[in-house]
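Please open the model in a viewer and keep the selection tool at hand. The tour below proceeds stop by stop, naming what to select and what is found there.

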Amino acid sequence: MSIDIDTARRVAHLARIAVDEADLPALAQQLSGILTFMEQLNEVDVEGVEPMTSVTPMRLKRREDVVTDGGMAEKILSNAPDAREGFFAVPKVVE
C-alpha cells in the first residue's frame, strides 16, 4: 500500500504534528514503509501460537498482603507543617 502526500498531510494533521511541506514526501515514504511491513506481518502463519504478554515467561514475585510497620502515626505527623487531631491539616480549597 502506498501513501500519497495528501494522505501524509492528513495523518500529520490528525496526529497534531507540525510537518513542513518539504518534509511531507519523506513522511509519506516512511508511512508507506510501515504499512508494507505490517502487510508482511499479516502473511506470517500464527496458527496455534499463543499470545504473549512478555518476551520471557516469568511470573512476578508476590508477597502476602499484611500490615507491617504500623503504629507510628505521631512520628509521621511530626513531619507535617500542620497537623491537627491526628491528621494532616491542609488549607481549605473550596468555599
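Select Arg9 to begin. In this predicted model, Arg9 has a relative accessible area of 33% and is therefore partly exposed. A residue counts as partly exposed between the limits of 20% and 50%, so Arg9 falls into that class.

Add Asp6 to the selection. Arg9 forms a salt bridge with Asp6, and 2.8 Å separates the closest N and O atoms. Both residues belong to helix α1 (residues 5-14), where they stand 3 residues apart, about one turn of the helix. Asp6 is exposed, because its relative accessible area is 52%.

Which side chain meets Arg9 in a salt bridge of 2.9 Å, N to O? Select Glu21 to see the partner: the side chains of Glu21 and Arg9 meet at that distance. This pair links distant parts of the chain, with Arg9 in helix α1 and Glu21 in the loop between α1 and α2, 12 residues apart. Glu21 has a relative accessible area of 53% and is thus exposed.

Move next to Arg84 and Asp82. Their side chains meet in a salt bridge of 2.8 Å, N to O. Arg84 counts as exposed, at 56% relative accessibility, whereas Asp82 is partly exposed, with a relative accessible area of 28%. Returning to the earlier selection, Asp6, Arg9 and Glu21 are joined into one network by salt bridges that share partners. A search of the whole structure finds 3 salt bridges.

The next stops concern the backbone. Most residues other than glycine have a negative phi. Select Arg16, which is not a glycine and yet has a positive phi of about 55°. Arg16 is placed in the loop between α1 and α2, and at 75% relative accessibility it counts as exposed.

Select Glu85 for a further case. Glu85 also is not a glycine, and its phi is positive, at about 55°. The loop between β1 (83-84) and β2 (87-88) holds Glu85. Is Glu85 buried or exposed? At 78% relative accessibility, Glu85 counts as exposed.

Now select Phe37, Leu41, Val44, Val46 and Val49 together and display their surface. These residues make a nonpolar surface patch of about 490 Å². Within the patch, Phe37 lies in helix α2 (residues 24-42). Phe37 has 49% relative accessibility and so counts as partly exposed, the limit for exposed being over 50%.

Finally, clear the selection and view the whole chain. Its secondary structure comes to 3 helices and 2 strands, and along the sequence these follow the pattern α-α-α-β-β. The chain is more spread out than a compact globule, because its radius of gyration is 28 Å, well over the 12 Å that the globule rule gives for 95 residues. Along the principal axes, the C-alpha trace spans about 70 × 45 × 20 Å.

How many of the 95 residues, as a percentage, count as buried? The share is 8%. The accessible surface of the chain comes to about 9,600 Å², and carbon and sulfur atoms account for 56% of that area. Among contacts between residues at least 6 apart in sequence, 31% join residues at least 24 apart.

Conventions:
Residues are numbered from 1 along each chain as its sequence is written. This is a predicted model: local features need pLDDT of at least 70, side-chain atom pairs count only at pLDDT 80 or more; totals for chains, interfaces and linings use all residues. Side-chain values use heavy atoms; hydrogens and water are left out. Patches are made of residues with over 30% relative accessible area and no salt bridge: like charges are joined within 9 Å, nonpolar side chains (Val, Leu, Ile, Met, Phe, Trp, Tyr) within 5 Å. Accessible areas come from the Shrake-Rupley method with a 1.4 Å probe; for residues, only the protein chains shown count as cover. A salt bridge is a side-chain nitrogen of Lys or Arg within 4 Å of a carboxyl oxygen of Asp or Glu. Helices (H or I, at least four residues) and strands (E, at least two) are DSSP runs, numbered from the N terminus. Buried means under 20% relative accessible area, exposed over 50%, partly exposed in between (1.4 Å probe, protein chains only). The radius of gyration is taken over C-alpha atoms; the globule rule is 2.2 Å times the number of residues to the power 0.38. Contact means heavy atoms within 4.5 Å.
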